[in-house]
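Here is a short set of exercises to work through with the model open beside you. Try each task before reading its solution.

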Amino acid sequence: MRTGLVLEGGAMRGLFTAGVIDVMMENGIDFDGLVGVSAGSSFGCNFKSRQPGRALRYNLRFCKDPRYMGLRSLLSTGDLVGAEFAYHTLPLELDIFDCATFEKNPIEFHLVCTDVNSGEPVYYRMDKVDYDSLEWLRASASMPIVTRPVRVADGHLLLDGGISDSIPLEYFQHQGFGRNVVVLTQPIDYRKRPASKWLFKLFMRRYPKIAEAMARRHEMYNAQLDFVHSQARQGTAFVIAPSQPLPIGRVEMNPEKMKSVYAMGRQACLDILPELRKFMNN
């Protein structure tokens, strides 16, 4: 039975996930496949490239750089996260992403985006590192309202995968991964509440299907949480989640908070390492 790793998004909450997967790499925990959503894909790709510590390192290094993320980038480019800088210049020139190791590593790497015209999830298997695949990675983490949709090579116009499939455990099961570790960035008992529909309609009026999906997102998300918990009870899923709400905002760039959330992820994984090994070896 193939084993999978499912990584939820959450923007800077994803540094919790970075801490978790770094401990996995350091302790020889490996998988046949990985699927990431939003920050789960942009940070999770370092698992396939075997680069523990990289996600925290470059976020600390560039958190004050206006080219990376912030109001200046949003006002000058239309993207809160600098598209060219964050997804092309940074990994290929400044904090080098190990493309060769990524491409040689046999673990399957999948990511989730949302089609802006249908509001439905679009899945992509990333086997190589080139400009087009990095654009898919960018699309997976392109938050609505503060990011322009990303047009990829096959013609899809995409936004953040968390809009339509926040915790893609069911998708990965359909891909043949029967036993999965799921890393969440909210506490295990978290429930998402409805958001203001008028805000979505106002800012996403050009993309009504996205506005509709965002208005229903709490229903989708809570149903997916229920599914994750049911699979955990059946023994086919193993869940790693923070024990309390993470002390960081979605786009917060406070270095101390970044290090704190990353450390929480590391500790959460260390605390359950014996149980995780037992699950993986069962």
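**Exercise 1. A residue and its place**

In which helix is Glu256 found? Work out as well whether Glu256 is buried, partly exposed or exposed.

*Solution.* Keep in mind throughout that this is a predicted model.
- Step 1: Glu256 belongs to helix 12, which spans 255–271.
- Step 2: A residue counts as exposed when its relative accessible area is over 50%. Glu256 has 52%, so it is exposed.
- Step 3: Now look across the sequence. Leu60 is 196 residues from Glu256 along the chain, yet their C-alpha atoms are 9.1 Å apart in space.

**Exercise 2. The overall build**

Describe the protein chain as a whole, and decide how its radius of gyration relates to the globule rule.

*Solution.*
- Step 1: Take stock of the secondary structure: 13 helices and eight strands.
- Step 2: The radius of gyration is 17 Å, and the globule rule gives 19 Å for 282 residues; the two are close, so the chain is as compact as a globular protein of that length.
- Step 3: For the outer dimensions, the C-alpha atoms fill a box of roughly 50 × 40 × 35 Å along the principal axes.
- Step 4: Of the 282 residues, 56% are buried.
- Step 5: Consider contacts between residues at least 6 apart in sequence: 74% of them join residues at least 24 apart.
- Step 6: Finish with the surface and the charges. The chain exposes about 12,300 Å², with 52% supplied by carbon and sulfur atoms. There are 34 positive and 31 negative charges, and their mean positions lie 4 Å apart.

**Exercise 3. Aromatic pairs**

Classify the ring pairs Phe102–Phe109 and Tyr190–Tyr221 by geometry.

*Solution.*
- Step 1: The structure holds 12 aromatic pairs. Planes over 60 degrees apart count as edge-to-face.
- Step 2: For Phe102 and Phe109, the ring centres are 5.7 Å apart and the planes meet at 70°, so this pair is edge-to-face. Both residues are buried.
- Step 3: For Tyr190 and Tyr221, the centres are 6.0 Å apart and the planes are at 80°, so this pair is edge-to-face.
- Step 4: Place the two tyrosines. Tyr190 sits in the loop between strand 7 (177–183) and helix 9 (197–203), while Tyr221 is in helix 11 (residues 217–234); the pair links distant parts of the chain, 31 residues apart.
- Step 5: Check their accessibility. Tyr190, at 24%, is partly exposed, whereas Tyr221, at 2%, is buried.
- Step 6: To finish, find the cluster that ring pairs make from Tyr123, Tyr171, Phe172 and Phe177.

**Exercise 4. Buried residues and their contacts**

Find what surrounds helix 5, Ser140 and Leu246.

*Solution.*
- Step 1: Helix 5 covers residues 83–94, and its buried residues include Phe85, Tyr87, His88 and Leu90. The buried residues of helix 5 pack against helix 2 (39–48), helix 3 (54–62) and helix 7 (131–140).
- Step 2: Ser140 lies in helix 7 and is buried at 0% relative accessibility. Setting aside neighbours within four places in sequence, its contacts include Gly36, Ser41, Cys113 and Asp160.
- Step 3: Leu246 lies in the loop between strand 8 (237–240) and helix 12. Its relative accessible area is 9%, so Leu246 is buried.
- Step 4: Beyond neighbours within four places in sequence, Leu246 is in contact with Arg13, Phe16, Thr185, Val261 and Met264. Pro187 is 59 residues from Leu246 along the chain, with 8.3 Å between their C-alpha atoms.

**Exercise 5. Two backbone angles**

What is the sign of phi at Ala11 and at Arg50, and where does each residue lie?

*Solution.*
- Step 1: Recall the usual case: most residues other than glycine have a negative phi.
- Step 2: Ala11 has a positive phi, near 55°. Ala11 is in the loop between strand 1 (2–7) and helix 1 (14–26), and it is buried with a relative accessible area of 11%.
- Step 3: Arg50 also has a positive phi near 55°. Arg50 lies in the loop between helix 2 and helix 3, and it counts as partly exposed at 32% relative accessibility.

How values were computed
Residues are numbered from 1 along each chain as its sequence is written. This is a predicted model: local features need pLDDT of at least 70, side-chain atom pairs count only at pLDDT 80 or more; totals for chains, interfaces and linings use all residues. Side-chain values use heavy atoms; hydrogens and water are left out. Helices (H or I, at least four residues) and strands (E, at least two) are DSSP runs, numbered from the N terminus. The radius of gyration is taken over C-alpha atoms; the globule rule is 2.2 Å times the number of residues to the power 0.38. Buried means under 20% relative accessible area, exposed over 50%, partly exposed in between (1.4 Å probe, protein chains only). Contact means heavy atoms within 4.5 Å. Accessible areas come from the Shrake-Rupley method with a 1.4 Å probe; for residues, only the protein chains shown count as cover. Lys and Arg count as positive and Asp and Glu as negative; His and the chain ends are not counted. The place of a charge is taken as NZ of Lys, CZ of Arg, CG of Asp or CD of Glu. Rings of Phe, Tyr and Trp (its six-membered ring) pair if their centres lie within 6.5 Å; planes under 30 degrees apart count as stacked, over 60 as edge-to-face and the rest as tilted.
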